[in-house]
Amino acid sequence: NNDLIKKAETVLNNNFKEDKGFTIPCEGLYPFQWNWDSGFIAIGQAHYDTTKAKREIEALLSAQWENGFIPHIVFHNDSDTYFPGPDFHQSKLHPLASKSHRTTGMTQPPVLGFVLKEIYNIIDDKEDILNFIKLNIDKVYHNHEHFYTHRDPNNEGLVYIYHNWESGTDNSPIWDDIWETMDPPKYKFERRDTTHVDAAQRPTNREYDYYLHLIEIAKAHNYDDAKIAELSPFLVQDPLFNTMLIKSNAALIELYELIGNSEDKIKTLKQWQIKAIKRFNEKLYNEKLGAYVHYDLRNEKQLEHISSSSFTPLFAGIPSKERADTLVKTLMDKFGTDDKYLCASFDPESDRFNPKKYWRGPVWINLNWILYRGLKSNGFDAIAERVKEESISFIKTYGFYEYFDPRKEVKDNAGYGGNNFSWSAALLIDLLK
Ligand code: DGY
(Lines give C-alpha, C1' and ligand atoms only; values in the text may rest on other atoms or scores of the structure.)
Protein backbone atom coordinates (compact mmCIF):
# COMPACT_ATOMS: atom_id res chain seq x y z
CA ASN A 1 0.00 0.00 0.00
CA ASN A 2 2.90 2.36 0.56
CA ASP A 3 3.70 2.16 -3.15
CA LEU A 4 0.13 3.01 -4.02
CA ILE A 5 0.15 5.98 -1.64
CA LYS A 6 3.38 7.23 -3.26
CA LYS A 7 1.78 6.92 -6.69
CA ALA A 8 -1.25 8.85 -5.48
CA GLU A 9 0.99 11.62 -4.12
CA THR A 10 2.72 11.80 -7.49
CA VAL A 11 -0.62 12.21 -9.28
CA LEU A 12 -1.55 15.06 -6.94
CA ASN A 13 1.86 16.70 -7.17
CA ASN A 14 1.85 16.55 -10.96
CA ASN A 15 -1.55 18.22 -11.03
CA PHE A 16 -0.48 20.94 -8.57
CA LYS A 17 0.08 24.41 -10.07
CA GLU A 18 2.87 25.84 -7.96
CA ASP A 19 2.49 29.51 -8.95
CA LYS A 20 -1.20 29.80 -8.08
CA GLY A 21 -1.25 27.10 -5.41
CA PHE A 22 -4.08 24.87 -6.54
CA THR A 23 -4.56 21.43 -8.10
CA ILE A 24 -6.32 20.79 -11.40
CA PRO A 25 -8.69 17.79 -11.32
CA CYS A 26 -7.15 16.34 -14.48
CA GLU A 27 -4.74 17.44 -17.22
CA GLY A 28 -6.50 18.57 -20.41
CA LEU A 29 -10.04 17.61 -19.42
CA TYR A 30 -10.29 19.94 -16.39
CA PRO A 31 -7.46 22.50 -16.52
CA PHE A 32 -8.67 24.98 -13.83
CA GLN A 33 -9.59 24.92 -10.14
CA TRP A 34 -12.88 23.17 -9.35
CA ASN A 35 -14.66 23.85 -6.06
CA TRP A 36 -15.55 20.47 -4.54
CA ASP A 37 -12.61 18.78 -6.23
CA SER A 38 -10.30 21.08 -4.28
CA GLY A 39 -12.05 20.15 -1.04
CA PHE A 40 -11.42 16.43 -1.57
CA ILE A 41 -7.92 17.11 -2.86
CA ALA A 42 -7.04 19.05 0.32
CA ILE A 43 -8.04 16.02 2.44
CA GLY A 44 -5.50 13.88 0.58
CA GLN A 45 -2.79 16.55 0.68
CA ALA A 46 -3.26 17.03 4.44
CA HIS A 47 -1.82 13.53 4.94
CA TYR A 48 1.56 14.37 3.44
CA ASP A 49 1.92 18.09 2.70
CA THR A 50 0.13 20.46 5.05
CA THR A 51 1.22 23.54 3.14
CA LYS A 52 -0.34 22.31 -0.10
CA ALA A 53 -3.62 21.49 1.65
CA LYS A 54 -3.80 25.01 3.06
CA ARG A 55 -2.88 26.65 -0.24
CA GLU A 56 -5.53 24.62 -2.05
CA ILE A 57 -8.25 25.98 0.24
CA GLU A 58 -6.87 29.52 0.19
CA ALA A 59 -6.75 29.54 -3.60
CA LEU A 60 -10.43 28.62 -3.77
CA LEU A 61 -11.45 31.14 -1.11
CA SER A 62 -9.46 33.87 -2.85
CA ALA A 63 -12.14 33.79 -5.57
CA GLN A 64 -15.08 34.03 -3.17
CA TRP A 65 -17.58 36.70 -4.18
CA GLU A 66 -18.40 39.66 -1.96
CA ASN A 67 -21.80 38.13 -1.16
CA GLY A 68 -20.23 34.91 0.17
CA PHE A 69 -20.80 32.85 -2.97
CA ILE A 70 -18.02 30.38 -3.86
CA PRO A 71 -17.94 29.56 -7.59
CA HIS A 72 -17.67 26.11 -9.13
CA ILE A 73 -14.67 26.91 -11.33
CA VAL A 74 -11.91 29.46 -10.75
CA PHE A 75 -10.11 30.32 -13.97
CA HIS A 76 -6.72 31.15 -12.42
CA ASN A 77 -5.02 30.55 -15.75
CA ASP A 78 -5.81 30.45 -19.45
CA SER A 79 -6.41 27.19 -21.25
CA ASP A 80 -7.92 26.31 -24.58
CA THR A 81 -8.50 22.66 -23.67
CA TYR A 82 -11.84 23.27 -21.91
CA PHE A 83 -15.27 24.48 -22.95
CA PRO A 84 -17.11 26.55 -21.70
CA GLY A 85 -14.45 28.92 -20.43
CA PRO A 86 -14.65 32.34 -18.73
CA ASP A 87 -15.76 34.17 -21.88
CA PHE A 88 -18.85 32.04 -22.02
CA HIS A 89 -19.74 32.28 -18.33
CA GLN A 90 -19.20 36.05 -17.96
CA SER A 91 -19.87 35.91 -14.25
CA LYS A 92 -18.71 39.51 -13.83
CA LEU A 93 -22.22 40.43 -14.95
CA HIS A 94 -23.08 39.92 -11.28
CA PRO A 95 -22.30 43.14 -9.36
CA LEU A 96 -20.74 41.26 -6.41
CA ALA A 97 -18.64 38.79 -8.43
CA SER A 98 -14.96 38.38 -7.58
CA LYS A 99 -12.98 41.41 -8.71
CA SER A 100 -9.68 39.57 -8.64
CA HIS A 101 -10.56 36.29 -10.39
CA ARG A 102 -12.52 35.05 -13.35
CA THR A 103 -15.02 32.42 -12.25
CA THR A 104 -18.24 30.71 -13.23
CA GLY A 105 -21.54 32.01 -11.86
CA MET A 106 -22.63 28.68 -10.45
CA THR A 107 -21.42 26.72 -7.44
CA GLN A 108 -20.83 23.10 -6.42
CA PRO A 109 -21.65 20.93 -3.39
CA PRO A 110 -20.44 22.90 -0.31
CA VAL A 111 -17.78 20.61 1.12
CA LEU A 112 -15.41 23.20 2.60
CA GLY A 113 -16.90 23.16 6.12
CA PHE A 114 -16.39 19.46 6.66
CA VAL A 115 -13.09 19.54 4.77
CA LEU A 116 -11.74 22.00 7.36
CA LYS A 117 -12.78 19.56 10.08
CA GLU A 118 -11.20 16.62 8.24
CA ILE A 119 -7.88 18.35 7.84
CA TYR A 120 -8.00 19.45 11.47
CA ASN A 121 -8.33 15.77 12.42
CA ILE A 122 -5.54 14.69 10.06
CA ILE A 123 -2.85 17.28 10.75
CA ASP A 124 -0.73 16.70 13.88
CA ASP A 125 0.18 20.31 14.64
CA LYS A 126 -3.23 21.25 16.06
CA GLU A 127 -2.23 24.76 17.05
CA ASP A 128 -1.01 25.59 13.56
CA ILE A 129 -4.03 24.13 11.78
CA LEU A 130 -6.45 25.78 14.19
CA ASN A 131 -4.80 29.12 13.40
CA PHE A 132 -5.35 28.45 9.72
CA ILE A 133 -8.98 27.54 10.38
CA LYS A 134 -9.46 30.72 12.44
CA LEU A 135 -8.34 32.77 9.45
CA ASN A 136 -10.74 31.08 7.05
CA ILE A 137 -13.77 29.73 8.87
CA ASP A 138 -15.81 32.95 8.71
CA LYS A 139 -15.58 32.85 4.92
CA VAL A 140 -17.19 29.43 4.91
CA TYR A 141 -19.83 30.62 7.37
CA HIS A 142 -20.52 33.58 5.07
CA ASN A 143 -20.95 31.11 2.22
CA HIS A 144 -23.56 29.13 4.18
CA GLU A 145 -25.31 32.36 5.09
CA HIS A 146 -25.46 33.17 1.38
CA PHE A 147 -27.08 29.81 0.64
CA TYR A 148 -29.77 30.20 3.27
CA THR A 149 -30.48 33.80 2.30
CA HIS A 150 -30.43 33.48 -1.49
CA ARG A 151 -31.06 29.84 -2.35
CA ASP A 152 -34.04 29.05 -0.14
CA PRO A 153 -37.00 31.07 -1.46
CA ASN A 154 -39.55 29.27 0.75
CA ASN A 155 -37.33 29.65 3.81
CA GLU A 156 -37.58 25.94 4.55
CA GLY A 157 -33.96 25.07 5.28
CA LEU A 158 -33.29 23.37 1.93
CA VAL A 159 -31.32 25.14 -0.77
CA TYR A 160 -31.79 24.81 -4.49
CA ILE A 161 -29.40 24.36 -7.37
CA TYR A 162 -30.17 25.91 -10.75
CA HIS A 163 -27.80 23.93 -12.94
CA ASN A 164 -26.84 20.27 -13.24
CA TRP A 165 -23.17 21.29 -12.94
CA GLU A 166 -23.97 22.61 -9.45
CA SER A 167 -25.07 19.12 -8.39
CA GLY A 168 -21.66 17.58 -9.01
CA THR A 169 -23.49 14.64 -10.64
CA ASP A 170 -23.35 16.44 -13.95
CA ASN A 171 -25.33 14.32 -16.41
CA SER A 172 -27.29 12.10 -14.07
CA PRO A 173 -30.38 10.55 -15.74
CA ILE A 174 -32.39 12.40 -13.08
CA TRP A 175 -31.96 15.56 -15.11
CA ASP A 176 -33.63 13.93 -18.13
CA ASP A 177 -36.97 14.65 -16.43
CA ILE A 178 -36.09 18.35 -16.48
CA TRP A 179 -34.75 18.36 -20.02
CA GLU A 180 -38.18 17.07 -21.08
CA THR A 181 -39.67 20.34 -19.85
CA MET A 182 -37.23 22.43 -21.94
CA ASP A 183 -36.68 23.04 -25.62
CA PRO A 184 -33.49 25.06 -25.98
CA PRO A 185 -32.12 26.20 -29.34
CA LYS A 186 -29.26 24.22 -30.86
CA TYR A 187 -26.19 26.19 -29.82
CA LYS A 188 -23.08 26.47 -31.94
CA PHE A 189 -20.10 25.45 -29.87
CA GLU A 190 -16.97 23.38 -29.99
CA ARG A 191 -16.73 20.61 -27.43
CA ARG A 192 -13.26 20.11 -25.96
CA ASP A 193 -13.97 17.28 -23.51
CA THR A 194 -14.47 14.75 -26.31
CA THR A 195 -10.99 15.48 -27.63
CA HIS A 196 -9.60 14.06 -24.34
CA VAL A 197 -12.10 11.29 -23.58
CA ASP A 198 -14.15 8.83 -25.68
CA ALA A 199 -17.47 10.51 -26.53
CA ALA A 200 -19.30 7.36 -25.39
CA GLN A 201 -18.21 8.22 -21.83
CA ARG A 202 -19.31 11.88 -21.98
CA PRO A 203 -22.62 13.78 -22.34
CA THR A 204 -24.19 14.23 -25.79
CA ASN A 205 -24.20 17.50 -27.76
CA ARG A 206 -27.92 17.87 -27.17
CA GLU A 207 -27.29 17.62 -23.43
CA TYR A 208 -24.78 20.47 -23.78
CA ASP A 209 -27.57 22.60 -25.34
CA TYR A 210 -29.52 22.27 -22.07
CA TYR A 211 -26.45 23.02 -19.97
CA LEU A 212 -25.61 26.15 -21.98
CA HIS A 213 -29.19 27.32 -22.12
CA LEU A 214 -29.47 27.38 -18.32
CA ILE A 215 -26.35 29.55 -18.19
CA GLU A 216 -27.76 31.87 -20.88
CA ILE A 217 -30.88 32.41 -18.76
CA ALA A 218 -28.78 33.25 -15.70
CA LYS A 219 -26.58 35.59 -17.76
CA ALA A 220 -29.60 37.37 -19.19
CA HIS A 221 -30.40 38.35 -15.58
CA ASN A 222 -26.84 39.07 -14.46
CA TYR A 223 -26.79 35.94 -12.32
CA ASP A 224 -29.38 37.47 -9.99
CA ASP A 225 -30.52 34.78 -7.51
CA ALA A 226 -34.09 36.02 -7.22
CA LYS A 227 -34.49 36.10 -11.00
CA ILE A 228 -32.99 32.65 -11.35
CA ALA A 229 -35.39 31.32 -8.70
CA GLU A 230 -38.24 32.88 -10.62
CA LEU A 231 -37.24 31.81 -14.12
CA SER A 232 -34.84 28.90 -14.30
CA PRO A 233 -36.49 25.74 -15.65
CA PHE A 234 -33.91 23.84 -13.58
CA LEU A 235 -34.59 24.47 -9.89
CA VAL A 236 -33.87 21.43 -7.76
CA GLN A 237 -33.40 20.56 -4.10
CA ASP A 238 -30.67 17.96 -4.35
CA PRO A 239 -30.10 15.44 -1.53
CA LEU A 240 -26.33 15.25 -2.09
CA PHE A 241 -25.91 19.03 -2.22
CA ASN A 242 -28.02 19.59 0.90
CA THR A 243 -26.27 16.74 2.72
CA MET A 244 -22.91 18.41 2.06
CA LEU A 245 -24.25 21.69 3.44
CA ILE A 246 -25.69 20.01 6.54
CA LYS A 247 -22.49 18.07 7.18
CA SER A 248 -20.51 21.28 6.73
CA ASN A 249 -22.80 23.15 9.17
CA ALA A 250 -22.12 20.43 11.76
CA ALA A 251 -18.38 20.71 11.19
CA LEU A 252 -18.48 24.51 11.55
CA ILE A 253 -20.29 24.13 14.89
CA GLU A 254 -17.56 21.80 16.16
CA LEU A 255 -14.78 24.06 14.90
CA TYR A 256 -16.31 27.24 16.34
CA GLU A 257 -16.60 25.42 19.66
CA LEU A 258 -12.87 24.66 19.51
CA ILE A 259 -12.09 28.27 18.62
CA GLY A 260 -14.32 29.74 21.34
CA ASN A 261 -16.11 33.11 21.54
CA SER A 262 -18.45 32.24 18.68
CA GLU A 263 -21.79 31.76 20.45
CA ASP A 264 -23.85 33.78 17.97
CA LYS A 265 -22.61 31.86 14.96
CA ILE A 266 -23.02 28.52 16.72
CA LYS A 267 -26.58 29.46 17.62
CA THR A 268 -27.41 30.36 14.02
CA LEU A 269 -25.74 27.22 12.67
CA LYS A 270 -27.76 25.08 15.08
CA GLN A 271 -30.98 26.75 13.95
CA TRP A 272 -30.12 26.06 10.31
CA GLN A 273 -29.32 22.45 11.19
CA ILE A 274 -32.54 21.62 13.03
CA LYS A 275 -34.69 23.16 10.34
CA ALA A 276 -32.74 21.60 7.47
CA ILE A 277 -32.69 18.05 8.83
CA LYS A 278 -36.40 18.12 9.64
CA ARG A 279 -37.39 19.41 6.22
CA PHE A 280 -34.95 17.11 4.44
CA ASN A 281 -36.66 14.10 6.00
CA GLU A 282 -40.14 15.41 5.21
CA LYS A 283 -39.53 16.48 1.67
CA LEU A 284 -36.71 14.45 0.16
CA TYR A 285 -37.63 10.98 1.35
CA ASN A 286 -39.68 8.65 -0.84
CA GLU A 287 -41.42 5.87 1.10
CA LYS A 288 -42.24 3.83 -1.96
CA LEU A 289 -38.62 3.75 -3.16
CA GLY A 290 -37.14 3.48 0.33
CA ALA A 291 -34.64 6.19 -0.52
CA TYR A 292 -33.98 9.92 -0.58
CA VAL A 293 -34.67 11.57 -3.93
CA HIS A 294 -34.37 14.96 -5.63
CA TYR A 295 -37.17 17.52 -5.45
CA ASP A 296 -38.07 19.54 -8.52
CA LEU A 297 -38.93 22.93 -7.05
CA ARG A 298 -39.95 24.38 -10.41
CA ASN A 299 -42.60 21.73 -11.04
CA GLU A 300 -43.27 20.97 -7.34
CA LYS A 301 -42.70 17.25 -7.35
CA GLN A 302 -40.20 14.62 -6.34
CA LEU A 303 -38.05 13.18 -9.10
CA GLU A 304 -38.53 9.50 -8.40
CA HIS A 305 -35.13 8.03 -9.18
CA ILE A 306 -32.55 6.35 -6.98
CA SER A 307 -28.94 7.39 -7.43
CA SER A 308 -25.77 7.26 -5.34
CA SER A 309 -26.84 10.69 -4.02
CA SER A 310 -29.85 8.94 -2.41
CA PHE A 311 -27.61 7.27 0.18
CA THR A 312 -25.37 10.22 1.07
CA PRO A 313 -27.65 11.53 3.89
CA LEU A 314 -26.12 8.78 6.06
CA PHE A 315 -22.92 10.85 6.02
CA ALA A 316 -24.61 13.75 7.82
CA GLY A 317 -26.67 11.65 10.25
CA ILE A 318 -29.91 12.74 8.59
CA PRO A 319 -31.96 9.49 8.63
CA SER A 320 -33.38 7.96 11.82
CA LYS A 321 -32.13 4.48 12.75
CA GLU A 322 -35.19 2.90 11.18
CA ARG A 323 -34.90 4.91 7.99
CA ALA A 324 -31.18 4.19 7.77
CA ASP A 325 -31.99 0.45 7.87
CA THR A 326 -34.45 0.83 4.99
CA LEU A 327 -32.02 2.96 3.03
CA VAL A 328 -29.24 0.42 3.35
CA LYS A 329 -31.62 -2.38 2.36
CA THR A 330 -32.45 -0.42 -0.82
CA LEU A 331 -28.75 0.08 -1.44
CA MET A 332 -27.95 -3.61 -1.12
CA ASP A 333 -31.01 -4.88 -3.04
CA LYS A 334 -30.46 -2.62 -6.03
CA PHE A 335 -26.80 -1.51 -6.12
CA GLY A 336 -25.04 -4.13 -4.00
CA THR A 337 -26.02 -7.33 -5.82
CA ASP A 338 -23.38 -10.05 -6.41
CA ASP A 339 -22.73 -9.00 -10.01
CA LYS A 340 -21.86 -5.36 -9.13
CA TYR A 341 -19.22 -3.39 -7.32
CA LEU A 342 -20.44 -0.61 -5.07
CA CYS A 343 -21.62 1.95 -5.74
CA ALA A 344 -23.10 2.66 -9.17
CA SER A 345 -23.98 6.33 -9.58
CA PHE A 346 -27.45 5.49 -10.88
CA ASP A 347 -30.07 2.78 -10.28
CA PRO A 348 -28.76 -0.30 -12.16
CA GLU A 349 -32.35 -1.55 -12.56
CA SER A 350 -33.41 1.54 -14.52
CA ASP A 351 -33.42 1.59 -18.31
CA ARG A 352 -31.56 4.92 -18.08
CA PHE A 353 -28.62 3.17 -16.41
CA ASN A 354 -25.42 3.32 -18.48
CA PRO A 355 -22.36 1.79 -16.78
CA LYS A 356 -19.88 3.68 -18.98
CA LYS A 357 -21.25 7.16 -19.27
CA TYR A 358 -20.14 9.92 -16.88
CA TRP A 359 -22.75 10.16 -14.08
CA ARG A 360 -25.27 7.77 -15.62
CA GLY A 361 -23.97 4.61 -13.93
CA PRO A 362 -20.23 4.41 -13.21
CA VAL A 363 -18.69 4.32 -9.73
CA TRP A 364 -17.06 7.53 -8.45
CA ILE A 365 -14.45 7.49 -5.70
CA ASN A 366 -15.72 10.63 -3.95
CA LEU A 367 -19.26 9.27 -3.68
CA ASN A 368 -17.82 5.99 -2.41
CA TRP A 369 -15.80 7.88 0.19
CA ILE A 370 -18.94 9.71 1.38
CA LEU A 371 -20.86 6.43 1.42
CA TYR A 372 -18.07 4.63 3.29
CA ARG A 373 -18.06 7.28 5.99
CA GLY A 374 -21.84 7.34 6.19
CA LEU A 375 -22.19 3.57 6.46
CA LYS A 376 -19.51 3.44 9.10
CA SER A 377 -20.90 6.18 11.29
CA ASN A 378 -24.31 4.47 11.18
CA GLY A 379 -22.89 1.11 12.27
CA PHE A 380 -22.98 -0.70 8.90
CA ASP A 381 -19.34 -1.71 9.27
CA ALA A 382 -19.24 -4.71 6.95
CA ILE A 383 -20.83 -2.89 4.01
CA ALA A 384 -18.62 0.12 4.71
CA GLU A 385 -15.55 -2.13 4.47
CA ARG A 386 -16.82 -3.53 1.19
CA VAL A 387 -17.17 -0.03 -0.28
CA LYS A 388 -13.67 0.82 0.89
CA GLU A 389 -12.06 -2.37 -0.43
CA GLU A 390 -13.80 -2.12 -3.80
CA SER A 391 -12.72 1.52 -4.17
CA ILE A 392 -9.09 0.67 -3.44
CA SER A 393 -9.22 -2.32 -5.75
CA PHE A 394 -10.55 -0.28 -8.69
CA ILE A 395 -7.56 2.05 -8.45
CA LYS A 396 -5.07 -0.75 -7.82
CA THR A 397 -6.31 -2.67 -10.84
CA TYR A 398 -6.99 0.09 -13.38
CA GLY A 399 -5.26 3.27 -12.19
CA PHE A 400 -6.39 6.68 -10.95
CA TYR A 401 -9.37 7.04 -13.26
CA GLU A 402 -12.21 9.48 -12.92
CA TYR A 403 -14.90 6.74 -12.82
CA PHE A 404 -15.20 2.97 -13.02
CA ASP A 405 -17.53 0.34 -14.42
CA PRO A 406 -19.68 -1.19 -11.67
CA ARG A 407 -20.23 -4.48 -13.56
CA LYS A 408 -18.09 -7.33 -12.28
CA GLU A 409 -18.10 -9.00 -15.70
CA VAL A 410 -16.00 -6.15 -17.16
CA LYS A 411 -12.41 -7.16 -16.60
CA ASP A 412 -9.79 -5.55 -18.82
CA ASN A 413 -10.70 -1.91 -19.05
CA ALA A 414 -13.05 -0.68 -16.38
CA GLY A 415 -11.54 2.77 -15.76
CA TYR A 416 -13.17 5.64 -17.68
CA GLY A 417 -13.08 9.42 -18.13
CA GLY A 418 -9.92 11.29 -17.21
CA ASN A 419 -6.83 9.43 -15.95
CA ASN A 420 -4.54 10.65 -13.15
CA PHE A 421 -7.65 12.18 -11.67
CA SER A 422 -6.89 14.17 -8.53
CA TRP A 423 -9.71 13.31 -6.15
CA SER A 424 -9.38 9.59 -6.89
CA ALA A 425 -5.76 9.92 -5.75
CA ALA A 426 -6.52 12.16 -2.77
CA LEU A 427 -9.31 10.03 -1.35
CA LEU A 428 -7.37 6.83 -1.93
CA ILE A 429 -4.68 8.25 0.36
CA ASP A 430 -7.31 9.00 2.97
CA LEU A 431 -8.84 5.52 2.68
CA LEU A 432 -5.45 3.84 3.07
CA LYS A 433 -4.27 5.91 6.06
C1 DGY B 1 -17.57 19.27 -17.00
O2 DGY B 1 -17.18 20.09 -17.82
O3 DGY B 1 -18.01 18.15 -17.29
C4 DGY B 1 -17.49 19.63 -15.58
O5 DGY B 1 -17.73 18.56 -14.76
C6 DGY B 1 -18.43 20.75 -15.24
O7 DGY B 1 -18.20 21.10 -13.94
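A residue is taken as buried when its relative accessible area is under 20%. In this predicted model, Q45 has a relative accessibility of 0% and therefore counts as buried. The residue belongs to helix α2, which spans residues 35-46. Apart from residues up to four places away in sequence, Q45 touches L12, F16, T23, T50, K52, A53 and E56.

The overall dimensions of the protein chain were considered next. For 433 residues, a compact globule would be expected to have a radius of gyration near 22 Å, and the value of 20 Å found for the protein chain agrees with this. Along the principal axes, the C-alpha atoms fill a box of roughly 55 × 50 × 45 Å. The secondary structure of the protein chain consists of 17 helices and 12 strands. Of its 433 residues, 64% count as buried, and among contacts with a separation of 6 or more, 70% are made by residues 24 or more positions apart. The accessible surface of the protein chain amounts to about 16,100 Å², with carbon and sulfur atoms contributing 46% of that area. As for charge, the protein chain carries 52 positive and 64 negative side chains, and the centres of these two sets lie 0 Å apart.

Burial was then examined at the level of a single helix. In helix α17, which comprises residues 422-432, 11 of the 11 residues are buried, so this helix is largely enclosed by the rest of the structure. The buried residues of α17 include W423 and D430, together with S422, S424, A425, A426, L427, L428, I429, L431 and L432. The elements that cover them include the helices α1 (2-15), α2, α5 (112-122), α15 and α16 (381-398), as well as the strand β2 (22-23). Helix α2, one of these covering elements, is also the helix in which Q45 lies.

Two peptide bonds in the cis form were identified in loops. One joins F83 and P84, with omega of about 0°, and P84 is placed in the loop between β4 (73-75) and α4 (86-89). Another cis peptide bond joins L342 and C343, with omega of about -10°; here C343 is placed in the loop between α14 (321-335) and α15 (365-377). C343 is buried, with a relative accessible area of 2%, and C26 is likewise buried, at 3%. A disulfide is a covalent bond between the sulfur atoms of two cysteines. When pairs of cysteine sulfur atoms within 2.5 Å are sought, the count comes to 0 disulfides.

Positive phi values in residues other than glycine were also noted. The loop between α14 and α15 contains Y358, whose phi is near 30°, a positive value in a residue other than glycine. With a relative accessibility of 4%, Y358 counts as buried. N155 has a phi near 50°, again a positive value in a residue other than glycine, and is found in the loop between α6 (126-150) and α7 (164-167). In terms of accessibility, N155 is exposed, with a relative accessible area of 52%, whereas Y358 is buried.

Two further loop positions illustrate approaches between parts of the chain that are separated in sequence. S307 lies in the loop between β10 (301-303) and α14, where its relative accessibility of 2% places it among the buried residues. Although S307 and L240 are 67 residues apart in sequence, their C-alpha atoms are 9.9 Å apart in space. Beyond its neighbours within four places in sequence, S307 is in contact with I174, H294, F335, S345 and F346. L93, in turn, lies in the loop between α4 and β5 (102-103) and counts as partly exposed, at 33% relative accessibility. The C-alpha atoms of L93 and A220 are separated by 9.0 Å, while the two residues are 127 residues apart along the chain. Leaving aside neighbours within four places in sequence, L93 is in contact with K219, N222 and Y223.

Definitions and conventions:
Residues numbered from 1 in each chain as written. Predicted model: local features only at pLDDT ≥ 70, side-chain atom pairs only at ≥ 80, totals over all residues. Heavy atoms only, no water. Buried < 20%, exposed > 50% of the residue type's maximum accessible area, 1.4 Å probe, protein only. Helix = DSSP H or I, 4+ residues; strand = E, 2+ residues; numbered from the N terminus. Rg over C-alpha atoms; globule rule 2.2 N^0.38 Å. Contact = heavy atoms within 4.5 Å. Areas by Shrake-Rupley, 256 points an atom, 1.4 Å probe, with all protein chains shown as cover. Lys, Arg positive; Asp, Glu negative; His and termini not counted. Charge placed at Lys NZ, Arg CZ, Asp CG, Glu CD.
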